[in-house]
Amino acid sequence: MAGSARKKRLLRSGGTGAAVAAVLALLVFLSLLSDRYYLRWDLTKSKQNSLSAETINVLKNIREPVQIKAFLVDGRDGTRKVEDLLAAYRYHNRQVDYTVIDPTRNPSEARRYDVTSEKTLILEGYGRSQTVKIPDEQKITNALHRLMESAPCRVYWLGGHGERSFEGKEPEHLMSLADALETENCENTALNLMRGEPPRDADVIIVAAPEKPLFPEEIEWLDAFLADGGRILLLLEPFRDGGLGPFLRRHGIGIGDDIVVDPFSRVMGGDYLMPMVGDYGDHEITKGFDLTSIFPMSRSLDVLDAEETSSGEAVCLAYTSEDSWAETDRAALDEARVEVNATDRKGPLCLAALVETAGPGPNSGEGVSGEAAEKEQAVSENGRLAVFGDCDFASNQFLSVAGNQRFILNTFRYLAGKSDFITVEPRRGRLESLTLSRSQGRIFFLFPVVVLPALVLLAGVWVWMRRRPK
(Lines give C-alpha, C1' and ligand atoms only; values in the text may rest on other atoms or scores of the structure.)
Protein backbone atom coordinates (compact mmCIF):
# COMPACT_ATOMS: atom_id res chain seq x y z
CA MET A 1 0.00 0.00 0.00
CA ALA A 2 2.80 2.44 0.95
CA GLY A 3 4.62 1.75 -2.33
CA SER A 4 1.45 2.31 -4.34
CA ALA A 5 0.78 5.68 -2.62
CA ARG A 6 4.35 6.81 -3.23
CA LYS A 7 4.03 5.85 -6.88
CA LYS A 8 0.84 7.87 -7.20
CA ARG A 9 2.52 10.91 -5.60
CA LEU A 10 5.45 10.61 -7.99
CA LEU A 11 3.11 10.40 -10.99
CA ARG A 12 1.12 13.38 -9.74
CA SER A 13 4.29 15.41 -9.16
CA GLY A 14 5.66 14.42 -12.54
CA GLY A 15 2.45 15.47 -14.25
CA THR A 16 2.49 18.82 -12.48
CA GLY A 17 6.14 19.38 -13.42
CA ALA A 18 5.44 18.52 -17.05
CA ALA A 19 2.51 20.94 -17.11
CA VAL A 20 4.66 23.73 -15.65
CA ALA A 21 7.41 23.01 -18.17
CA ALA A 22 4.89 23.04 -21.03
CA VAL A 23 3.47 26.39 -19.90
CA LEU A 24 6.96 27.88 -19.60
CA ALA A 25 7.89 26.59 -23.06
CA LEU A 26 4.69 28.08 -24.47
CA LEU A 27 5.41 31.45 -22.86
CA VAL A 28 8.96 31.47 -24.22
CA PHE A 29 7.68 30.56 -27.69
CA LEU A 30 5.03 33.30 -27.59
CA SER A 31 7.62 35.80 -26.38
CA LEU A 32 9.97 34.98 -29.25
CA LEU A 33 7.09 35.06 -31.71
CA SER A 34 5.80 38.41 -30.46
CA ASP A 35 9.25 39.93 -30.89
CA ARG A 36 8.88 39.70 -34.68
CA TYR A 37 5.14 39.47 -35.24
CA TYR A 38 2.98 41.97 -33.46
CA LEU A 39 0.44 44.71 -34.01
CA ARG A 40 1.03 48.41 -33.38
CA TRP A 41 -1.44 51.13 -32.56
CA ASP A 42 -0.50 54.79 -32.38
CA LEU A 43 -2.91 56.41 -29.94
CA THR A 44 -1.26 59.88 -30.02
CA LYS A 45 -3.34 62.62 -31.58
CA SER A 46 -0.51 63.86 -33.82
CA LYS A 47 0.53 60.28 -34.78
CA GLN A 48 4.05 60.87 -33.48
CA ASN A 49 4.84 57.17 -33.51
CA SER A 50 3.64 56.48 -37.05
CA LEU A 51 5.57 56.60 -40.30
CA SER A 52 4.48 59.03 -42.99
CA ALA A 53 2.59 57.89 -46.06
CA GLU A 54 5.64 58.76 -48.20
CA THR A 55 7.86 56.46 -46.15
CA ILE A 56 5.35 53.61 -46.34
CA ASN A 57 5.25 53.98 -50.13
CA VAL A 58 9.04 53.68 -50.26
CA LEU A 59 8.93 50.59 -48.04
CA LYS A 60 6.40 48.95 -50.36
CA ASN A 61 8.98 49.07 -53.17
CA ILE A 62 11.72 47.28 -51.24
CA ARG A 63 11.96 43.75 -52.64
CA GLU A 64 15.40 42.70 -51.37
CA PRO A 65 16.70 42.33 -47.80
CA VAL A 66 18.06 45.50 -46.23
CA GLN A 67 20.08 45.15 -43.04
CA ILE A 68 20.52 48.20 -40.81
CA LYS A 69 23.34 48.27 -38.28
CA ALA A 70 22.44 50.86 -35.66
CA PHE A 71 25.39 52.09 -33.60
CA LEU A 72 23.63 53.31 -30.47
CA VAL A 73 24.90 53.67 -26.93
CA ASP A 74 22.58 52.01 -24.45
CA GLY A 75 20.92 54.44 -22.06
CA ARG A 76 21.77 57.63 -23.98
CA ASP A 77 19.16 60.24 -24.86
CA GLY A 78 17.43 59.45 -28.11
CA THR A 79 18.57 55.81 -28.31
CA ARG A 80 15.15 54.43 -27.50
CA LYS A 81 13.54 56.79 -30.01
CA VAL A 82 15.80 55.56 -32.83
CA GLU A 83 15.09 51.92 -31.93
CA ASP A 84 11.34 52.58 -31.98
CA LEU A 85 11.71 54.24 -35.38
CA LEU A 86 13.63 51.27 -36.79
CA ALA A 87 11.05 48.90 -35.33
CA ALA A 88 8.38 50.81 -37.23
CA TYR A 89 10.29 50.32 -40.50
CA ARG A 90 10.59 46.58 -39.83
CA TYR A 91 6.92 46.40 -38.92
CA HIS A 92 5.88 47.71 -42.35
CA ASN A 93 8.34 45.63 -44.37
CA ARG A 94 9.97 42.44 -43.08
CA GLN A 95 12.70 42.81 -45.70
CA VAL A 96 14.06 45.62 -43.53
CA ASP A 97 15.76 44.38 -40.37
CA TYR A 98 18.11 46.00 -37.92
CA THR A 99 20.73 45.15 -35.33
CA VAL A 100 21.68 47.46 -32.48
CA ILE A 101 25.43 47.65 -31.79
CA ASP A 102 26.85 49.58 -28.84
CA PRO A 103 30.08 51.15 -30.18
CA THR A 104 31.49 51.52 -26.65
CA ARG A 105 31.22 47.77 -26.08
CA ASN A 106 32.03 46.71 -29.64
CA PRO A 107 34.74 49.12 -30.86
CA SER A 108 35.95 46.58 -33.41
CA GLU A 109 32.57 46.64 -35.15
CA ALA A 110 32.58 50.45 -35.11
CA ARG A 111 36.08 50.46 -36.60
CA ARG A 112 35.06 47.93 -39.23
CA TYR A 113 32.30 50.25 -40.49
CA ASP A 114 34.37 53.41 -39.95
CA VAL A 115 31.86 54.69 -37.42
CA THR A 116 33.27 57.50 -35.28
CA SER A 117 30.15 58.76 -33.54
CA GLU A 118 27.10 57.24 -31.94
CA LYS A 119 23.66 57.45 -33.53
CA THR A 120 25.09 56.29 -36.83
CA LEU A 121 23.22 53.86 -39.07
CA ILE A 122 24.79 51.70 -41.76
CA LEU A 123 22.22 50.51 -44.28
CA GLU A 124 23.24 47.57 -46.48
CA GLY A 125 21.24 46.21 -49.37
CA TYR A 126 21.05 46.00 -53.16
CA GLY A 127 24.83 45.55 -53.19
CA ARG A 128 25.39 49.03 -51.76
CA SER A 129 25.56 50.74 -48.41
CA GLN A 130 24.48 54.10 -47.06
CA THR A 131 25.46 55.92 -43.88
CA VAL A 132 23.00 58.00 -41.88
CA LYS A 133 24.11 60.17 -38.98
CA ILE A 134 21.74 61.59 -36.37
CA PRO A 135 18.94 59.53 -37.92
CA ASP A 136 15.37 60.66 -38.37
CA GLU A 137 12.59 59.41 -40.62
CA GLN A 138 13.48 61.61 -43.58
CA LYS A 139 17.15 60.63 -43.57
CA ILE A 140 16.45 56.91 -43.19
CA THR A 141 13.77 56.87 -45.90
CA ASN A 142 15.91 58.75 -48.39
CA ALA A 143 18.84 56.45 -47.59
CA LEU A 144 16.61 53.47 -48.40
CA HIS A 145 15.62 55.24 -51.60
CA ARG A 146 19.26 55.75 -52.52
CA LEU A 147 19.99 52.06 -51.95
CA MET A 148 17.44 51.24 -54.63
CA GLU A 149 18.76 53.87 -57.04
CA SER A 150 21.07 52.63 -59.75
CA ALA A 151 23.60 55.48 -59.96
CA PRO A 152 24.30 58.79 -58.19
CA CYS A 153 23.66 62.10 -59.90
CA ARG A 154 26.63 64.30 -60.65
CA VAL A 155 26.65 67.96 -59.70
CA TYR A 156 29.32 70.28 -61.08
CA TRP A 157 30.04 73.60 -59.38
CA LEU A 158 31.39 76.24 -61.74
CA GLY A 159 34.53 78.03 -60.50
CA GLY A 160 37.13 80.49 -61.68
CA HIS A 161 35.11 83.71 -61.37
CA GLY A 162 34.95 84.21 -57.60
CA GLU A 163 32.00 81.89 -57.07
CA ARG A 164 30.98 80.79 -53.60
CA SER A 165 32.87 77.71 -52.41
CA PHE A 166 30.89 74.51 -52.00
CA GLU A 167 33.59 73.15 -49.69
CA GLY A 168 34.07 76.16 -47.42
CA LYS A 169 32.79 76.39 -43.85
CA GLU A 170 32.44 80.17 -43.69
CA PRO A 171 28.91 81.53 -43.25
CA GLU A 172 28.73 82.76 -46.85
CA HIS A 173 29.93 79.48 -48.33
CA LEU A 174 27.71 76.65 -49.60
CA MET A 175 29.10 73.54 -47.93
CA SER A 176 25.81 72.87 -46.12
CA LEU A 177 24.00 72.82 -49.45
CA ALA A 178 26.63 70.50 -50.94
CA ASP A 179 26.22 68.17 -47.93
CA ALA A 180 22.46 68.22 -48.40
CA LEU A 181 22.93 67.23 -52.05
CA GLU A 182 25.14 64.31 -50.99
CA THR A 183 22.27 63.02 -48.88
CA GLU A 184 20.31 63.03 -52.16
CA ASN A 185 22.83 60.58 -53.61
CA CYS A 186 24.69 63.26 -55.56
CA GLU A 187 28.42 63.72 -56.05
CA ASN A 188 29.81 67.26 -55.96
CA THR A 189 32.68 68.16 -58.30
CA ALA A 190 34.39 71.43 -59.20
CA LEU A 191 34.09 72.59 -62.81
CA ASN A 192 36.27 74.96 -64.81
CA LEU A 193 34.78 75.78 -68.19
CA MET A 194 37.99 77.51 -69.28
CA ARG A 195 39.38 74.03 -69.84
CA GLY A 196 36.61 72.88 -72.11
CA GLU A 197 32.98 72.00 -72.43
CA PRO A 198 30.91 70.61 -69.54
CA PRO A 199 31.36 66.86 -68.85
CA ARG A 200 28.79 64.70 -70.56
CA ASP A 201 27.86 63.03 -67.29
CA ALA A 202 26.86 66.33 -65.67
CA ASP A 203 23.30 66.17 -64.34
CA VAL A 204 23.24 69.70 -62.92
CA ILE A 205 25.68 72.62 -63.15
CA ILE A 206 25.52 75.13 -60.30
CA VAL A 207 26.75 78.67 -60.83
CA ALA A 208 26.91 80.36 -57.42
CA ALA A 209 27.28 84.15 -57.39
CA PRO A 210 30.17 84.76 -59.81
CA GLU A 211 31.96 88.01 -59.00
CA LYS A 212 33.70 88.32 -62.36
CA PRO A 213 32.09 87.98 -65.79
CA LEU A 214 32.28 84.64 -67.54
CA PHE A 215 34.12 84.51 -70.85
CA PRO A 216 31.92 84.43 -73.94
CA GLU A 217 33.14 80.90 -74.71
CA GLU A 218 32.02 79.74 -71.28
CA ILE A 219 28.56 81.21 -71.76
CA GLU A 220 28.39 79.44 -75.13
CA TRP A 221 29.23 76.17 -73.35
CA LEU A 222 26.39 76.78 -70.90
CA ASP A 223 24.04 77.63 -73.76
CA ALA A 224 24.95 74.44 -75.59
CA PHE A 225 24.63 72.41 -72.39
CA LEU A 226 21.13 73.76 -71.84
CA ALA A 227 20.16 73.15 -75.46
CA ASP A 228 21.26 69.52 -75.11
CA GLY A 229 18.83 69.00 -72.25
CA GLY A 230 21.19 70.03 -69.45
CA ARG A 231 20.10 71.46 -66.12
CA ILE A 232 21.53 74.67 -64.61
CA LEU A 233 20.97 76.24 -61.19
CA LEU A 234 22.04 79.87 -61.13
CA LEU A 235 22.34 81.82 -57.87
CA LEU A 236 22.90 85.56 -58.34
CA GLU A 237 23.62 88.49 -56.08
CA PRO A 238 22.51 92.13 -56.37
CA PHE A 239 24.54 94.26 -58.79
CA ARG A 240 26.66 91.26 -59.90
CA ASP A 241 25.45 89.07 -62.73
CA GLY A 242 28.65 87.43 -64.01
CA GLY A 243 27.90 88.77 -67.49
CA LEU A 244 24.97 86.37 -67.73
CA GLY A 245 22.28 89.01 -68.33
CA PRO A 246 22.01 88.53 -72.13
CA PHE A 247 22.18 84.73 -71.71
CA LEU A 248 19.26 84.81 -69.25
CA ARG A 249 17.29 87.21 -71.40
CA ARG A 250 17.53 84.84 -74.35
CA HIS A 251 15.90 82.25 -72.13
CA GLY A 252 13.05 84.41 -70.90
CA ILE A 253 14.37 85.72 -67.59
CA GLY A 254 15.32 89.33 -67.05
CA ILE A 255 17.40 90.49 -64.09
CA GLY A 256 17.04 93.90 -62.51
CA ASP A 257 20.06 96.00 -61.54
CA ASP A 258 18.59 96.58 -58.12
CA ILE A 259 18.09 95.24 -54.63
CA VAL A 260 14.72 94.31 -53.17
CA VAL A 261 13.46 96.34 -50.20
CA ASP A 262 10.64 94.91 -48.14
CA PRO A 263 9.50 97.03 -45.14
CA PHE A 264 7.19 94.18 -44.13
CA SER A 265 10.27 92.12 -43.16
CA ARG A 266 11.31 94.82 -40.71
CA VAL A 267 7.91 94.65 -39.08
CA MET A 268 8.51 90.92 -38.51
CA GLY A 269 11.87 91.55 -36.82
CA GLY A 270 14.09 91.29 -39.89
CA ASP A 271 15.95 93.79 -42.00
CA TYR A 272 14.22 95.67 -44.81
CA LEU A 273 16.80 94.18 -47.20
CA MET A 274 15.78 90.68 -46.15
CA PRO A 275 12.50 90.01 -47.95
CA MET A 276 10.39 87.15 -46.65
CA VAL A 277 8.54 85.09 -49.21
CA GLY A 278 5.30 83.32 -48.49
CA ASP A 279 3.69 83.64 -51.91
CA TYR A 280 4.80 81.03 -54.42
CA GLY A 281 4.06 80.45 -58.07
CA ASP A 282 1.97 77.57 -59.34
CA HIS A 283 4.52 74.88 -60.16
CA GLU A 284 5.45 71.33 -59.22
CA ILE A 285 8.39 72.72 -57.19
CA THR A 286 6.16 74.78 -54.95
CA LYS A 287 3.14 72.48 -54.86
CA GLY A 288 1.96 72.22 -51.27
CA PHE A 289 4.85 74.37 -50.09
CA ASP A 290 3.64 76.45 -47.17
CA LEU A 291 6.87 77.54 -45.47
CA THR A 292 8.26 81.05 -45.50
CA SER A 293 11.59 81.55 -47.26
CA ILE A 294 14.02 84.33 -46.40
CA PHE A 295 16.21 85.99 -49.03
CA PRO A 296 18.93 88.18 -47.46
CA MET A 297 19.66 90.88 -50.04
CA SER A 298 18.17 89.73 -53.31
CA ARG A 299 17.87 91.27 -56.72
CA SER A 300 14.60 91.14 -58.62
CA LEU A 301 13.93 88.93 -61.63
CA ASP A 302 11.54 89.45 -64.48
CA VAL A 303 9.65 86.83 -66.43
CA LEU A 304 9.63 87.83 -70.09
CA ASP A 305 7.06 87.05 -72.72
CA ALA A 306 7.78 83.80 -74.54
CA GLU A 307 7.62 85.65 -77.86
CA GLU A 308 10.74 87.62 -76.92
CA THR A 309 12.83 84.56 -76.15
CA SER A 310 14.24 81.46 -77.77
CA SER A 311 13.06 79.21 -74.95
CA GLY A 312 9.76 78.22 -73.49
CA GLU A 313 7.68 80.30 -71.16
CA ALA A 314 9.42 81.12 -67.89
CA VAL A 315 7.52 80.93 -64.62
CA CYS A 316 8.08 82.80 -61.41
CA LEU A 317 8.47 80.57 -58.34
CA ALA A 318 8.55 83.11 -55.50
CA TYR A 319 7.03 86.55 -54.99
CA THR A 320 7.68 89.27 -52.43
CA SER A 321 4.89 91.20 -50.72
CA GLU A 322 3.01 94.06 -52.39
CA ASP A 323 4.75 96.53 -50.05
CA SER A 324 8.19 95.74 -51.45
CA TRP A 325 10.01 97.54 -54.23
CA ALA A 326 13.19 97.20 -56.29
CA GLU A 327 15.61 99.89 -55.13
CA THR A 328 18.04 101.10 -57.80
CA ASP A 329 19.64 104.02 -55.97
CA ARG A 330 22.90 102.50 -54.70
CA ALA A 331 24.03 105.81 -53.19
CA ALA A 332 20.89 105.94 -51.06
CA LEU A 333 21.45 102.33 -50.00
CA ASP A 334 25.00 103.11 -48.93
CA GLU A 335 23.63 105.94 -46.77
CA ALA A 336 20.86 103.69 -45.39
CA ARG A 337 18.24 105.94 -47.02
CA VAL A 338 15.67 103.86 -48.78
CA GLU A 339 12.38 105.13 -50.07
CA VAL A 340 10.28 104.17 -53.01
CA ASN A 341 10.31 106.61 -55.93
CA ALA A 342 8.93 106.78 -59.42
CA THR A 343 11.78 104.83 -61.02
CA ASP A 344 11.53 101.88 -58.65
CA ARG A 345 9.46 98.85 -59.57
CA LYS A 346 6.85 98.05 -56.97
CA GLY A 347 5.97 94.63 -55.60
CA PRO A 348 5.12 91.89 -55.74
CA LEU A 349 8.51 91.12 -57.26
CA CYS A 350 9.84 87.83 -58.55
CA LEU A 351 12.89 86.42 -56.70
CA ALA A 352 13.14 82.97 -58.30
CA ALA A 353 12.22 81.79 -61.78
CA LEU A 354 12.46 78.68 -63.92
CA VAL A 355 12.36 78.08 -67.64
CA GLU A 356 12.43 74.91 -69.71
CA THR A 357 14.04 74.89 -73.11
CA ALA A 358 13.19 72.64 -75.99
CA GLY A 359 15.14 69.37 -76.21
CA PRO A 360 17.88 68.73 -78.76
CA GLY A 361 15.42 67.67 -81.38
CA PRO A 362 12.19 65.86 -82.24
CA ASN A 363 11.91 62.34 -80.94
CA SER A 364 9.18 60.45 -82.67
CA GLY A 365 10.30 57.11 -81.29
CA GLU A 366 9.24 55.43 -84.52
CA GLY A 367 11.46 52.60 -85.60
CA VAL A 368 13.36 52.62 -82.32
CA SER A 369 12.82 50.25 -79.48
CA GLY A 370 14.35 48.89 -76.32
CA GLU A 371 17.51 50.39 -74.91
CA ALA A 372 18.04 52.63 -77.94
CA ALA A 373 14.60 54.16 -77.46
CA GLU A 374 15.29 54.83 -73.78
CA LYS A 375 18.60 56.47 -74.64
CA GLU A 376 17.00 58.64 -77.30
CA GLN A 377 14.24 59.59 -74.91
CA ALA A 378 16.79 60.59 -72.28
CA VAL A 379 18.72 62.92 -74.57
CA SER A 380 15.56 64.53 -75.89
CA GLU A 381 14.48 65.84 -72.47
CA ASN A 382 14.01 69.55 -72.09
CA GLY A 383 16.76 71.67 -70.65
CA ARG A 384 15.92 73.35 -67.34
CA LEU A 385 17.27 76.61 -65.98
CA ALA A 386 16.43 77.83 -62.47
CA VAL A 387 17.53 81.29 -61.38
CA PHE A 388 17.49 82.83 -57.90
CA GLY A 389 18.09 86.51 -57.29
CA ASP A 390 20.00 85.71 -54.10
CA CYS A 391 22.78 83.30 -53.18
CA ASP A 392 22.92 84.02 -49.45
CA PHE A 393 19.61 82.28 -48.80
CA ALA A 394 21.32 78.95 -49.67
CA SER A 395 24.54 79.71 -47.74
CA ASN A 396 25.76 77.94 -44.62
CA GLN A 397 24.34 80.79 -42.54
CA PHE A 398 20.82 80.81 -43.94
CA LEU A 399 20.17 77.40 -45.48
CA SER A 400 18.53 76.00 -42.35
CA VAL A 401 16.47 79.13 -41.74
CA ALA A 402 12.72 78.81 -42.26
CA GLY A 403 11.89 76.99 -45.51
CA ASN A 404 15.11 77.88 -47.39
CA GLN A 405 16.58 74.38 -47.53
CA ARG A 406 13.36 72.75 -48.58
CA PHE A 407 12.80 75.35 -51.30
CA ILE A 408 16.26 75.03 -52.84
CA LEU A 409 16.21 71.21 -52.57
CA ASN A 410 12.78 71.02 -54.16
CA THR A 411 14.15 73.12 -57.02
CA PHE A 412 17.24 70.95 -57.33
CA ARG A 413 15.20 67.75 -57.34
CA TYR A 414 13.06 69.11 -60.13
CA LEU A 415 16.11 70.10 -62.14
CA ALA A 416 17.75 66.70 -61.63
CA GLY A 417 14.53 64.78 -62.16
CA LYS A 418 14.64 63.51 -58.58
CA SER A 419 11.26 64.71 -57.50
CA ASP A 420 10.50 61.33 -55.94
CA PHE A 421 12.73 62.09 -52.95
CA ILE A 422 10.62 62.90 -49.96
CA THR A 423 10.56 65.52 -47.28
CA VAL A 424 9.12 64.43 -43.97
CA GLU A 425 8.09 67.20 -41.67
CA PRO A 426 8.91 66.41 -38.02
CA ARG A 427 5.88 65.80 -35.89
CA ARG A 428 5.73 67.86 -32.78
CA GLY A 429 3.40 66.73 -30.07
CA ARG A 430 1.24 69.43 -28.59
CA LEU A 431 1.15 69.86 -24.85
CA GLU A 432 -2.50 69.99 -23.91
CA SER A 433 -3.82 70.70 -20.46
CA LEU A 434 -6.09 68.17 -18.72
CA THR A 435 -8.97 69.78 -16.87
CA LEU A 436 -10.98 67.56 -14.49
CA SER A 437 -14.35 68.25 -13.02
CA ARG A 438 -14.79 68.05 -9.25
CA SER A 439 -16.34 64.57 -9.41
CA GLN A 440 -13.61 63.31 -11.79
CA GLY A 441 -10.93 64.70 -9.50
CA ARG A 442 -12.54 62.94 -6.52
CA ILE A 443 -12.48 59.64 -8.40
CA PHE A 444 -8.83 60.09 -9.42
CA PHE A 445 -8.00 60.69 -5.73
CA LEU A 446 -10.14 57.98 -4.07
CA PHE A 447 -9.29 55.08 -6.41
CA PRO A 448 -5.48 54.94 -5.96
CA VAL A 449 -5.38 56.38 -2.43
CA VAL A 450 -8.37 54.69 -0.76
CA VAL A 451 -9.97 51.97 -2.88
CA LEU A 452 -6.87 50.05 -3.98
CA PRO A 453 -5.23 49.96 -0.49
CA ALA A 454 -8.59 48.94 1.03
CA LEU A 455 -8.94 46.06 -1.44
CA VAL A 456 -5.43 44.85 -0.61
CA LEU A 457 -6.21 45.09 3.12
CA LEU A 458 -9.47 43.16 2.76
CA ALA A 459 -7.74 40.47 0.70
CA GLY A 460 -5.11 40.09 3.42
CA VAL A 461 -7.77 39.80 6.13
CA TRP A 462 -9.66 37.21 4.08
CA VAL A 463 -6.52 35.09 3.58
CA TRP A 464 -5.66 35.35 7.31
CA MET A 465 -9.12 34.22 8.30
CA ARG A 466 -9.02 31.25 5.93
CA ARG A 467 -5.63 30.07 7.17
CA ARG A 468 -5.99 30.68 10.93
CA PRO A 469 -6.16 27.52 13.04
CA LYS A 470 -9.69 26.45 13.92
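Two strands are said to pair if DSSP finds at least two bridges between them. Helices (H or I, at least four residues) and strands (E, at least two) are themselves DSSP runs, numbered from the N terminus. The structure is a predicted model, in which local features need pLDDT of at least 70 and side-chain atom pairs count only at pLDDT 80 or more, while totals for chains, interfaces and linings use all residues. Residues are numbered from 1 along each chain as its sequence is written, and side-chain values use heavy atoms, with hydrogens and water left out.

With pairing defined, the sheets can be described. Strand S16 (residues 325–327) pairs with S17 in the antiparallel sense, over 2 bridges. Within S16 and S17, Ala326 is found opposite Arg345 of S17. These strands belong to an open sheet of 3 strands, ordered S10-S16-S17, with antiparallel pairing. Its edges are strand S10 (259–261) and strand S17 (345–346), each of which pairs on one side only. Following S17, the loop that leads to strand S18 (350–357) holds Pro348. Gly347 and Pro348 are joined by a cis peptide bond, with omega at about 0°.

Another open sheet is built from 4 strands in the order S2-S1-S3-S4, and here the pairing is mixed. Strand S2 (96–101) and S4 are the edge strands, each pairing on one side only. From one strand to the next, the twist averages 20°; such angles run from 0 to 180 degrees between N-to-C directions, and the axes are lines fitted to C-alpha atoms, for helices over the stretch in contact. Strand S1 (residues 66–71) and S2 run parallel and are joined by 6 bridges. One position to look for is Lys69, which stands opposite Thr99 in S2. Helix H3 lies across S1, S2 and strand S3 (120–125), and runs at about 155° to S2. Where S4 (128–133) gives way to H5, the loop between them contains Ile134. Ile134 has a phi near 50°, a positive value in a residue other than glycine.

Helix packing comes next. Two packed helices are described by the angle between their axes and the distance between the axes. Helix H3 (residues 79–92) and helix H5 (residues 137–148) have axes that come within 11 Å and cross at roughly 40°. This makes H3 oblique to H5, given that angles under 35 degrees count as roughly parallel, over 145 as roughly antiparallel, 65 to 115 as roughly perpendicular and the rest as oblique. The crossing of H3 and H5 is right-handed; a crossing has this hand if the near helix is turned clockwise from the far one by less than a right angle, and is left-handed if anticlockwise. On the H3 side, Leu85, Leu86 and Tyr89 meet Glu137, Ile140, Thr141 and Leu144 of H5, where contact means heavy atoms within 4.5 Å. By class, the residues of this contact of H3 with H5 are 5 nonpolar, 1 polar and 1 charged. Here Ala, Val, Leu, Ile, Met, Phe, Trp, Tyr, Cys and Pro count as nonpolar, Asp, Glu, Lys and Arg as charged, and the others, Gly among them, as polar.

H5 also meets helix H2 (residues 53–60): the axes of H2 and H5 come within 10 Å and cross at roughly 25°. H2 and H5 are therefore roughly parallel to each other, and their crossing is left-handed. Thr55, Val58 and Leu59 of H2 make this contact with Glu137, Thr141, Leu144, His145 and Met148 of H5. The contact of H2 with H5 has 4 nonpolar, 3 polar and 1 charged residues.

A further pair is formed by helix H6 (residues 175–182) and helix H12 (residues 404–416), which pack at an angle of about 55° with their axes 11 Å apart. H6 and H12 are therefore oblique to each other, and they cross in the right-handed sense. H6 contributes Leu177, Ala180 and Leu181 to the contact, and H12 contributes Gln405, Ile408, Leu409 and Phe412. The residues of the contact of H6 with H12 comprise 6 nonpolar, 1 polar and no charged.

Finally, there are the covalent cross-links. Counting a disulfide as a pair of cysteine sulfur atoms within 2.5 Å, the model has 2 disulfides. One of them is formed by Cys153 and Cys186, with sulfur atoms 2.0 Å apart. The torsion about the S-S bond of Cys153 and Cys186 is about 100°, so this disulfide is right-handed. Cys153 lies in strand S5 (residues 153–158) and Cys186 in strand S6 (residues 186–191), so the pair ties together parts that are 33 residues apart in sequence.
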